[in-house]
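Please open the chain in your viewer with the sequence panel beside it, and follow the stops below in order, making each selection before reading on.

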Amino acid sequence: MTNQLPLFVANETATPSMVLSYGMGADSTALLLRWITEPASRDFALDELVVLTAMTGSEWESTLRDVEQVVLPLLAQHRIRFIQVGRSRRNVTKDGDGVVVLDDSRTPSKLYGRGDYTLAAELLTAATVPQLGGVRKCSIKSKGSVLQPIIDRLTVGQPYRHALGFEVDEMSRCRKDSLYNSTIRTGVYPLAELGWDRPKILEFIKTTVNVDWQRSACSFC
């Protein structure tokens, strides 16, 4: 059963100091695995971390399988809070109307790959195709705009760091994201700071969990 955000109640009292936007692809997976397997790589406790995923409803089945089989058991083992969200309609508000909490748990066992309203349904209704360049409005609407109300609810106006899995060849994305920084929010890009590129990221995942991880994307993109 899903809950609209206004009814969202978590049995948590502490404000997270680190929030990870987890896209389920190689980059953010490598970052998460490094934090879990190499405690010296982070300056926060794992119970201060919240991992967030916005489901578009059109992810590759292989990616969903790998996350469910590899990542979820590690999150449960280390009791890392994992929140899966989606949309119930085309547009969501800054207050979270239209955002659906699919699951919120420190012992996740199931990946909910589809929300009530998928990106595919939106594109079909509008008779359009995904935008492959420039400002990716589909990502903003189905991910960024969905995650931000959750982050605001979790952090309740307290300072937090927002980690994104941008690698060293994506410095332009780091700079663009940093424009959203404020007195409360600080974007951090550990992979870029480490100088990790895609080959290094894939090698790390393979060495750590013995999986050839795929890039996360909608199957029609």
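Of the contacts in the chain with a separation of 6 or more, what percentage comes from residues 24 or more positions apart? Residues at that spacing account for 77% of those contacts. Keep in mind throughout that this is a predicted model.

**The whole chain**

Begin with a cartoon of the full chain, in which seven helices and seven strands can be found. Read from the N terminus, the elements follow the order β-β-α-β-α-β-β-α-α-β-α-β-α-α. If you then colour by accessibility, 48% of the 221 residues count as buried.

**Helix α1**

Select residues 26-37, which form helix α1. This helix has twelve residues and reaches 16 Å from its first C-alpha to its last, close to the 16 Å expected at 1.5 Å a residue. Eleven of its twelve residues are buried, so α1 is largely enclosed by the rest of the structure. To see which ones, show side chains for Ala26, Asp27, Ser28, Thr29, Ala30, Leu31, Leu32, Leu33, Arg34, Trp35 and Ile36, the buried residues of this helix. Now add the elements against which those buried residues pack, namely the strands β2 (18-21), β3 (49-54) and β6 (160-163), together with the helices α2 (61-77), α6 (190-194) and α7.

**Where α1 meets α7**

Keep α1 on screen and select residues 198-209, helix α7, whose axis lies 9 Å from that of α1 and makes an angle of about 50° with it. Since angles of 35 to 65 degrees fall in the oblique class, α1 and α7 are therefore oblique to each other. Their crossing is left-handed. On the α1 side, the contact is made by Ala26, Asp27, Thr29, Ala30, Leu33, Arg34 and Thr37, while α7 contributes Arg198, Ile201, Leu202, Phe204, Ile205, Thr208 and Val209. Coloured by class, this contact shows eight nonpolar, three polar and three charged residues.

**Where α1 meets α2**

Next, hide α7 and bring up α2, whose axis comes within 11 Å of the axis of α1 and crosses it at roughly 35°. Here too α1 passes its partner in a left-handed crossing. The residues to display are Thr29, Leu32, Leu33 and Ile36 in α1, which meet Val71, Leu74 and Leu75 in α2. By class, the contact of α1 with α2 has six nonpolar residues, one polar residue and no charged residues.

**Two residues with positive phi**

Move to Met24, in the loop between β2 and α1. Its phi is positive, at about 75°, although this residue is not a glycine. Is Met24 buried or exposed? With a relative accessibility of 2%, Met24 counts as buried, because the cut-off for that class is under 20%.

Then select Val156, in the loop between α4 and β6. Val156 also has a positive phi, near 40°, in a residue other than glycine. Its relative accessible area is 52%, and Val156 is exposed.

**Two stops along α4**

Show helix α4, residues 137-155, and pick out Gln148 within it. Gln148 is partly exposed, at a relative accessible area of 31%. Draw a distance from its C-alpha to that of Lys94, and the viewer should give 7.6 Å for two residues that are 54 apart along the chain.

Ile151 is also found in helix α4, but at 1% relative accessibility Ile151 counts as buried. Which residues is Ile151 in contact with, leaving aside its neighbours within four places in sequence? They are Val19, Leu52, Tyr160 and His162, all worth showing as sticks. A C-alpha to C-alpha distance from Ile151 to Pro16 comes to 9.4 Å, across 135 residues in sequence.

**Last stop: Asp169**

Finish at Asp169, in the loop between β6 and α5 (171-178). With a relative accessible area of 62%, Asp169 is exposed. Add Leu191 to the selection: the C-alpha atoms of these two residues are 9.9 Å apart in space, with their positions 22 residues apart in sequence.

Key
Residues numbered from 1 in each chain as written. Predicted model: local features only at pLDDT ≥ 70, side-chain atom pairs only at ≥ 80, totals over all residues. Heavy atoms only, no water. Axes fitted to C-alpha atoms, helices over the stretch in contact; angles between N-to-C directions. Helix = DSSP H or I, 4+ residues; strand = E, 2+ residues; numbered from the N terminus. Parallel < 35°, antiparallel > 145°, perpendicular 65-115°, else oblique. Left-handed = near helix turned anticlockwise from the far one by under 90°. Contact = heavy atoms within 4.5 Å. Nonpolar A, V, L, I, M, F, W, Y, C, P; charged D, E, K, R; others polar. Expected span 1.5 Å × (residues − 1). Buried < 20%, exposed > 50% of the residue type's maximum accessible area, 1.4 Å probe, protein only.
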